[in-house]
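Q: Could you take a close look at one part of this model for me? I'd like the charged pairs on the surface, and how they sit relative to the rest of the fold.

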Amino acid sequence: MDPPKRLVFTWGWAEGGMPLPPGSTTVEITLEATSDGTLLRLVHSGLPSPEACAAHEEGWKHYTERLAARGEGRDPGPDHWM
């Protein structure tokens with residue numbers, strides 16, 4: 001962790017249909033100030049297959065869009081994935 005610029009953590013699933021054990025992949029998030037606000041870069045490495053990459057891309061996109069709405073002062077509404 002390098003507040004307020006960088007956060008790195010491991011990722012995986014203890015239960016469920018995703019064959020990705022806890023701690024088996026790495027997520028790195030970096031934040032960079034821009035003239036328009038903040039650029040968030042998210043890199044998820046170590047995913048075992050193209051299918052796992054696609055599933056996680058969909059999930060990260062869903063939740064970063066919700067985070068962006070909050071950051072802009074909007075209510076993202078109920079999370080229909082939960």
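A: Let's start with Glu 65, which counts as partly exposed because its relative accessibility is 45%, in what is a predicted model. Its side chain meets that of Lys 61 in a salt bridge, at 3.2 Å from N to O. Glu 65 and Lys 61 both belong to helix H1, 4 residues apart, or about one turn of the helix.

Helix H1 itself covers residues 50-71. What does it lie against? An open sheet of 3 strands, ordered S1-S2-S3 and paired antiparallel. The twist there averages 15° from one strand to the next. H1 packs on this sheet and touches S1, S2 and S3, its direction making about 160° with that of S3. Strands S1 and S3 each have a single partner strand, so one side of each is left without a neighbour in the sheet. S1 and S2 are held in register by 6 antiparallel bridges, and one pairing puts Val 8 opposite Glu 28 in S2.

Back to the charges: the structure has 6 salt bridges. Among them is Glu 32 with Arg 41, where the closest N and O atoms are 2.9 Å apart. Glu 32 is partly exposed at 38% relative accessible area, and Arg 41 is partly exposed too, at 43%. Another one links Asp 75 and Arg 70, with 4.0 Å between the closest N and O atoms; both of those residues are exposed.

There's a nonpolar side to the surface as well: Leu 31, Leu 40 and Leu 67 make a patch of about 250 Å². Leu 40 sits in strand S3 and is partly exposed, at 34% relative accessible area.

Notes:
Residues are numbered from 1 along each chain as its sequence is written. This is a predicted model: local features need pLDDT of at least 70, side-chain atom pairs count only at pLDDT 80 or more; totals for chains, interfaces and linings use all residues. Side-chain values use heavy atoms; hydrogens and water are left out. Patches are made of residues with over 30% relative accessible area and no salt bridge: like charges are joined within 9 Å, nonpolar side chains (Val, Leu, Ile, Met, Phe, Trp, Tyr) within 5 Å. Accessible areas come from the Shrake-Rupley method with a 1.4 Å probe; for residues, only the protein chains shown count as cover. Helices (H or I, at least four residues) and strands (E, at least two) are DSSP runs, numbered from the N terminus. Buried means under 20% relative accessible area, exposed over 50%, partly exposed in between (1.4 Å probe, protein chains only). Two strands pair if DSSP finds at least two bridges between them. Axes are lines fitted to C-alpha atoms, for helices over the stretch in contact, and angles run from 0 to 180 degrees between N-to-C directions. Contact means heavy atoms within 4.5 Å.
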